[in-house]
Amino acid sequence: MIIDITEIQDMHFFFRLESFKEVYGIIWAFSPIFILVLGITISVLAIVWLEREISAGIQQRIGPEYTGPFGVLQALADGTKLLFKENLIPSRGDIRLFSIGPSISVISIIISYSVIPFGYNFVLSDLNIGVFLWIAISSIAPIGVLMSGYGSNNKYSFLGGLRAAAQSISYEIPLALCVLSISLLSNSLSTVDIVDAQSKYGFWGWNLWRQPMGFIVFIISSLAECERLPFDLPEAEEELVAGYQTEYSGIKFGLFYVASYLNLLISSLFVTVLYLGGPNISIPYIFVSEFFEINKAYGVFVTIMGIFITLAKTFLFLFVSITTRWTLPRLRIDQLLNLGWKFLLPISLGNLLLTTSSQLFSL
């Protein structure tokens, strides 16, 4: 059987084309994840720069200004420096726990971004239990902190890890109760359904107006979960040197640093999604229904506008969180636990009871 050279070349071209299609399909399947990770990285760098500029303004000093225009590349320079610094490991510590702890803290937070609707139907994974998936996964991060504190073989580090676990348990319960109240109002645990339930009446349909007490409890609990001032007891420098970060250096210390800002960003995004309408514009729907009907045909434009509105609301709450850090003094550990168990827990339970009662009477 004689095969022409041209036919052989055509067969080779066909097989190469099929292989290119497979590679393209794999890249296309993972492209949303790559875009999400890139967006998260840029947002973290922006938050670090914003915090330095805002803190400099509050304290009347000059912030970063030399590395890049207006100092925007300072966080990137700090990350590069940490990447090339030596990783020191305690000689008598548990090397496995010491090394795994920072990774668990970062990975558990990154997974939570998959259920955030950044725009209209622009979400990586629309799960029926989206909000409780966030709560379940975020409870893993303190385990990484506790592992790091125990693996460091340092009393200051171990006390910091224990404080992180106690603080997480104390404030995660009020946080979950507030989320449950929102789920009852929206009749769903999906973040997309919660956003859609708030879009019916525009600005006045936000859960902020229907759950004002839950909104306040959620903000306080989320700040405590992020271990931000005045709730940064696990790393209080006047008591524990640097807490669970005492023995860390190099990129492992940088992972904890990144995890704190990732946690702050995801908490701000959930405040936007649960209470501020997500990507919905703050104009009553009944007055601009025709405008929305026109824009629905332009899917890309609506998605971009939704992302912009979501990020604008998120960074507004980030400004409040950063200002709070540089304004209020640090609490004592007993004050922190008393606030969680004696005040926020009863208030969140009462809020859940009122929400349940109103939903039952409305049937």
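Which helix does F30 lie in? Select residues 5-58: that is helix α1, and F30 lies in it. Keep in mind that this is a predicted model.

**Whole chain**

Colour the protein chain by secondary structure. You will find 14 helices and 0 strands. From the N terminus on, every element in the run is α. The chain has 363 residues, and 44% of them count as buried. Now think about contacts between residues with a separation of 6 or more. In the protein chain, 82% of these join residues 24 or more positions apart. Switch on the surface. About 19,600 Å² is exposed, and carbon and sulfur atoms supply 71% of that area.

**Stop 1: a nonpolar patch**

Go back to F30 and add I26, I33, F34, V37 and L124. Together these residues form a nonpolar patch on the surface. Their accessible area comes to about 550 Å². Is F30 itself buried, exposed or partly exposed? Its relative accessibility is 43%, so F30 counts as partly exposed. The cut-offs behind that call are under 20% for buried and over 50% for exposed.

One point helps when you look along a helix. An α-helix has 3.6 residues a turn, so residues three or four places apart point the same way.

**Stop 2: the loop after α1**

Move on to the loop between α1 and α2 (74-83), and select Q60 there. Phi of Q60 is near 55°, a positive value in a residue other than glycine. Q60 counts as exposed because its relative accessibility is 75%.

Stay in the loop between α1 and α2 and select F70. Here too phi is positive, near 60°, and the residue is not glycine. Is F70 buried or exposed? F70 has a relative accessible area of 67%, so it is exposed.

**Stop 3: S105 in α3**

Select residues 95-112, which make up helix α3, and find S105 in it. At 3% relative accessibility, S105 counts as buried, because the cut-off is under 20%. What does S105 touch, beyond residues up to four places away in sequence? Show A141, G144, V145, F256 and A259 to see these contacts.

**Stop 4: the nonpolar cores**

Select Y113, W134, F218, F270 and L274. These residues have the most contacts inside the largest nonpolar core, which has 52 residues. Which helix gives this core its largest share? Highlight residues 250-275: this is helix α11, and 12 residues of the core come from it.

Zoom in on F270. Leaving aside residues up to four places away in sequence, F270 touches S112, V115, I116, V131, W134, T191, F218 and Y275. Another core lies apart from the largest one; it has 6 residues, among them F98, V145, A164 and Y248. V145 also appeared at the previous stop, as a contact of S105.

**Stop 5: helix α9**

Select residues 212-225 to show α9, a helix of 14 residues. At 1.5 Å a residue, α9 should span 20 Å. Its end C-alpha atoms are 20 Å apart, which agrees. How many residues of α9 are buried? The number is 10 of the 14, so the helix is largely enclosed by the rest of the structure. Select the buried ones: G214, F215, V217, F218, I219, S221, S222, L223, A224 and E225. F218 is also one of the residues with the most contacts inside the largest core, and F270 touches it.

Finish just after α9, at E227. There phi is positive, at about 60°.

Definitions and conventions: Residues numbered from 1 in each chain as written. Predicted model: local features only at pLDDT ≥ 70, side-chain atom pairs only at ≥ 80, totals over all residues. Heavy atoms only, no water. Patch = residues over 30% accessible without salt bridge, like charges linked within 9 Å, V, L, I, M, F, W, Y side chains within 5 Å. Areas by Shrake-Rupley, 256 points an atom, 1.4 Å probe, with all protein chains shown as cover. Salt bridge = Lys/Arg side-chain N within 4 Å of Asp/Glu carboxyl O. Helix = DSSP H or I, 4+ residues; strand = E, 2+ residues; numbered from the N terminus. Buried < 20%, exposed > 50% of the residue type's maximum accessible area, 1.4 Å probe, protein only. Expected span 1.5 Å × (residues − 1). Contact = heavy atoms within 4.5 Å. Core = buried A, V, L, I, M, F, W, Y, C linked by side-chain atoms within 4.5 Å.
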